[in-house]
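Here is a colleague's note to read beside the structure. Keep the view open and follow the points in order.

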Protein chains: 2
Amino acid sequence: MGTDTDTAKPATRIQREKQEAILEAALDVFSQYGFRGSTIDQIAEAAGMSKPNLLYYFKSKEDIHAPLLARILDTWLQPLRELDAHGDPLPEIQSYIRRKLEMSRDFPRESRLFANEMLRGAPGFHGVLHTDLKKLVDEKAEVIRSWMAQGKIVKCDPYHLIFSIWATTQHYADFDIQVRAVLGKERGGEGRFEDAARFLDQLFLHGLKPKN
Amino acid sequence: MGTDTDTAKPATRIQREKQEAILEAALDVFSQYGFRGSTIDQIAEAAGMSKPNLLYYFKSKEDIHAPLLARILDTWLQPLRELDAHGDPLPEIQSYIRRKLEMSRDFPRESRLFANEMLRGAPGFHGVLHTDLKKLVDEKAEVIRSWMAQGKIVKCDPYHLIFSIWATTQHYADFDIQVRAVLGKERGGEGRFEDAARFLDQLFLHGLKPKN
DNA sequence: AAATTTTTTGACCGATTGGAAAAATTCTAG
DNA sequence: CTAGAATTTTTCCAATCGGTCAAAAAATTT
């Protein structure tokens, strides 16, 4: 019948604004230092309020962290969900890569929060990796496999293909500091995402196009 | 003239063993929870000693963390250093990918420690990213570019090529939990690294081979 | 304006944190 | 064995941690 959190939720506009401000600040902090490395005081200060005041809106540290994780997993997988089995294989993969890369560009903190959670063994995702995530990937891997069977793209392991798309795109958010350091002042600006898009297009499309 | 740490270092064998045990335990802990999320007590317990005893060998938390970081950056870049400008381009890149993947398989904690450091902005690497790392990548990017100029491999951005090799290989260490969850019981065993190697070979070699 | 509800604050709590100091122990050399 | 050095443990500390509580202050309703 639902928890007390959704029965007791008239949520005035002020409440929702404050909660959003807290989650916003928490995203900043958690994405850098992980759950254990972040403190409530830190988040409270970033949100411009006192710790007891923050705890008035979220009753514990985990209560701030959990909704962030929940929101992110859903957002994160949206591009994969949109991979259309009836579309043109190569353009479908291309736009999947692009969408994923745009997410790294536009939501780097979310990517880092996700990475932080993975690094410590994803306790915040308890079973969801083995159920929801696996189910979605299984489904899309089957789509990709059917494209291979039709000879539309070159044969390879669809799971590792998906992993490599995740890895290459998320890298630009998670290892942003390294990327910018290596590219230097001129090439490390905002244009790096366009360079990356161009490169990844080439790598994957050239790598997947059948030699017919 | 060096710091006091290298002037005062007779370092009996027992001392070195204990220090190594501490660093080993610290690697376990830091790689999961990051610097701020890890505690000295946690490390001490993992090393099988009391906190004050640990602090007898390393005088602060940072003093345990710093040598781990220093060691890892060097180890991590070794495969790239070995990329031979005078070797055969495609096999060179292939064995670079393989070496990198083997490191993810054999040293996943080191990979995660590195990732953790990147996520929080790499304060432990202060300037080294912009100097040593950039210098090495610049150098090797030039090698790759020369291969492209010779028509040995297809033209693309060598920096993003290197990034994509880093990303795809390290993914198997940093996101290990996710990878295993998605691959499931049967396909998620040790064999996943061979599958990954096979896939990455195909992706990069097929993607880089010039169409002559 | 009075009454009531919501929000914010300040003081505080026990537990944990990184670390210091010194006593107690163990090891080693003569 | 014994003096001295190296190691370990016990005790302790101030700061910070996550979190509570009651009272003050604002906002809202009547």
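The points below take the DNA surface, then the nonpolar core.

1. Start with a caution. This is a predicted model. Read every distance below as computed from that model.

2. Look at DNA strand C. It is surrounded by 17 residues. The closest come from both chains: Lys18(A), Tyr56(A) and Tyr57(A), along with Lys51(B) and Lys61(B).

3. Which helices supply at least two residues each of the surface near DNA strand C? In chain A they are α2 (13-37) and α4 (51-57). In chain B they are α3 (40-46) and α4 (51-57). The largest share, four residues, belongs to α4(A).

4. Now sort that surface by residue type. Seven of its residues are polar, six are nonpolar and four are charged.

5. Turn to the DNA side. Among the atoms of strand C within 4 Å of the protein, 57% are sugar or phosphate atoms. The rest are base atoms.

6. Check three phosphate contacts. Tyr57(A) places a polar side-chain atom 2.6 Å from a phosphate oxygen of strand C. For Asn53(A), a polar side-chain atom lies 3.1 Å from a phosphate oxygen of this strand. Ser38(B) uses a backbone N or O atom instead, 3.2 Å from a phosphate oxygen.

7. Move to the protein interior. The largest nonpolar core holds 145 residues. Those with the most contacts inside it include Phe125, Leu161 and Trp166 of both chains, and also Ile22(A).

8. Finish with Leu161(B). Leaving aside residues up to four places away in sequence, it touches Ile93(B), Ile144(B), Cys156(B), Phe204(B) and Leu208(B). It also touches Phe199(A), from the other chain.

Terms used: Residues numbered from 1 in each chain as written. Chains lettered and ligands numbered in written order. Predicted model: local features only at pLDDT ≥ 70, side-chain atom pairs only at ≥ 80, totals over all residues. Heavy atoms only, no water. Core = buried A, V, L, I, M, F, W, Y, C linked by side-chain atoms within 4.5 Å. Buried < 20%, exposed > 50% of the residue type's maximum accessible area, 1.4 Å probe, protein only. Contact = heavy atoms within 4.5 Å. Near = heavy atom within 4 Å. Polar contact = N/O pair within 3.5 Å; in protein donor to acceptor, adjacent residues only side chain to side chain. Nonpolar A, V, L, I, M, F, W, Y, C, P; charged D, E, K, R; others polar.
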